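Grab a coffee and open the viewer: here are some short exercises to work through with the structure in front of you. Try each task before reading its solution.

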Amino acid sequence: MGTADLHIHSIYSHDATTTVRAILKQAADVELDVIAITDHDEVRGSLEAQQLASIYGLEVIPGVEVSTREGHLVALFIKTLPPAGMSLIETLDHIGQQGGIAIAPHPFNNLPNSLSMESVLGALTNSQVKDVLKGIETHNMGTQNFDRVARKIAVFLPFAKIASSDAHIYWAIGAGRTEFPGKTARDLRTALEKNTTIPIPYEEEFSARVILSWVRRITMRRFGYASDARSISSPISTKPLSHSMIRRIRKKQDSE
Ligand SMILES: [Zn+2]
Ligand SMILES: [Zn+2]
C-alpha cells in the first residue's frame, strides 16, 4: 500500500507558513509516497514541488484548492489554474477538460468555504462533470469537529474516501493520510477512480496541537516575529506573497 496526503498548504497560500522544500522534507520524513500541495487559488508552490520532488524520493501531484462560488474544491492532476469564483459545475468542467480530477474538501459543515450536500449532489447528477469529482474528505484535520457529518453522508456516496491534513504548518503534514493500493501517483489516481482508497484517521489530541501551533505561526507571520526554522521571518501581510519575498523566505529556511 502507498500513503498520500493530498491537501497541504505552502507559503504561497495566504494563510500558511511552510516553504516547499520544508514540505517535501517533512513528507519524506513521515514516509509519504505521494503528496499534493493545494494552495488557495495558486499553483506556484505545487509546480515548484514537482520540480524538486525526486530529490526527496516522493511524487507530487499538481494541485490547487480552488475557491468556487459554492465552496472550496481540491483539484488534482491539473495543468493550468482553474479561475476562482466559478460555480462548482463550471470549475469541475474546467478541471475535467484538462484531464484533472477533484476532491470535495471538508464538505457538508455549513461553513462558508465548504461545499453543501446540494452542490455535491448537483455535480454527481450532472452528466458533463460527474466523472470529475472522485473523492470526498471524510477526515480533514482542520475541521475535525464537523467530520462526523461528512463520514455519515459519505457512506451513501460513490466517492473515494480521503483523509487529509489540510496542513498549514510543516509538522502537521501526513497527520491526515490516505492509503491506496500501489505506490505511485498513477496508482493513486486509479484508486481514486475505483473508490479503493482508505482514509487513516488523525489523532484528535494531535489535531488540537496543530490548531494552536497554526494560530501562533500565522500570528507571527502577520506581525513578523517568527524566527524558528520553518516559519516566516519577515513582516508580511495576508496578501499573496511577492516573488522577491518568497525567494527571501526560501533562502532563509533552506539554509537552516
Ligand atoms: Zn478549504
Ligand atoms: Zn485547505
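## Exercise 1: a residue in a helix

Leaving aside residues up to four places away in sequence, Ile 153 touches Phe 108 and Met 117. Keep in mind that this is a predicted model.

**Task.** Work out whether Ile 153 is buried, partly exposed or exposed.

**Solution.**
- Start with the address: Ile 153 sits in helix H5.
- Next, count neighbours: 15 other C-beta atoms lie within 10 Å of Ile 153.
- Now apply the cut-offs: buried takes 20 or more, and exposed takes 12 or fewer.
- So with 15, Ile 153 comes out as partly exposed.
- One more look at a contact partner: Met 117 is 36 residues away along the chain, with 8.8 Å between the two C-alpha atoms.

## Exercise 2: another residue, another count

**Task.** Decide whether Ser 119 is buried or exposed, and find which residues it touches beyond four places in sequence.

**Solution.**
- Ser 119 belongs to helix H4, which covers residues 117-124.
- Inside 10 Å there are 21 C-beta neighbours, so Ser 119 counts as buried.
- Setting aside residues up to four places away, the contacts of Ser 119 are Glu 70, Gly 71 and Leu 88.
- Check Ile 89 too: in sequence Ser 119 and Ile 89 are 30 residues apart, while their C-alpha atoms are 8.6 Å apart.

## Exercise 3: how two helices cross

**Task.** Describe how H3 and H4 cross, and say which residues meet there.

**Solution.** A bit of background helps here. A packed pair of helices is described by two things, the angle between the axes and the distance between them.
- Helix H3 spans residues 88-97, and its axis comes within 10 Å of that of H4, crossing at roughly 45°.
- That angle makes H3 oblique to H4.
- As for handedness, the crossing of H3 and H4 is right-handed.
- From H3, the residues Leu 88, Ile 89 and Leu 92 meet Ser 119, Gly 122 and Ala 123 of H4.
- Sort the residues of this contact by type and you get four nonpolar, two polar and no charged.

## Exercise 4: walk across the sheet

**Task.** Find out which strands stand at the edges of the sheet, and why one side of each has no neighbour there.

**Solution.**
- Write down the order first: the open sheet has nine strands, E7-E6-E5-E4-E3-E2-E1-E8-E9, and its pairing is mixed.
- Read off the ends: E7 (160-164) and E9 (198-200) are the edge strands, and each has a single partner strand, so one side of each goes without a neighbour in the sheet.
- Add the twist: on average, and ignoring direction, neighbouring strands are turned by 30° against each other.

## Exercise 5: the E7 end

**Task.** Work out how E7 pairs with E6, and whether its faces are covered or open.

**Solution.**
- E6 (residues 133-140) and E7 pair in the parallel sense, with five bridges.
- Pick out individual positions: Ile 136 is opposite Lys 161 of E7, and Asn 140 has Ser 164 as its bridge partner in E7.
- Look for a helix on top: H5 (residues 147-154) packs on the sheet, where it touches E6 and E7, and its direction makes about 140° with that of E6.
- A general point for the faces: side chains in a regular strand alternate between the two faces of the sheet.
- On one side of E7 are Ala 160, Ile 162 and Ser 164, on the other Lys 161 and Ala 163, and all are buried.
- Both faces of E7 are therefore covered, given that every one of these residues is buried, which takes 20 or more other C-beta atoms within 10 Å.

## Exercise 6: around E2

**Task.** Find what pairs with E2, what lies across it, and which residues sit on each of its faces.

**Solution.**
- E1 (residues 2-8) pairs with E2 in the parallel sense over three bridges, and Ile 35 in E2 is the bridge partner of Asp 5.
- Helix H2 (residues 44-52) lies across E2 (34-37) and E3 (59-68), running at about 175° to E3.
- Val 34 and Ala 36 are on one side of E2, Ile 35 and Ile 37 on the other, and all are buried.

Methods:
Residues numbered from 1 in each chain as written. Chains lettered and ligands numbered in written order. Predicted model: local features only at pLDDT ≥ 70, side-chain atom pairs only at ≥ 80, totals over all residues. Helix = DSSP H or I, 4+ residues; strand = E, 2+ residues; numbered from the N terminus. Contact = placed C-beta atoms within 7 Å. Pairing = 2+ DSSP bridges. Axes fitted to C-alpha atoms, helices over the stretch in contact; angles between N-to-C directions. Parallel < 35°, antiparallel > 145°, perpendicular 65-115°, else oblique. Left-handed = near helix turned anticlockwise from the far one by under 90°. Nonpolar A, V, L, I, M, F, W, Y, C, P; charged D, E, K, R; others polar.
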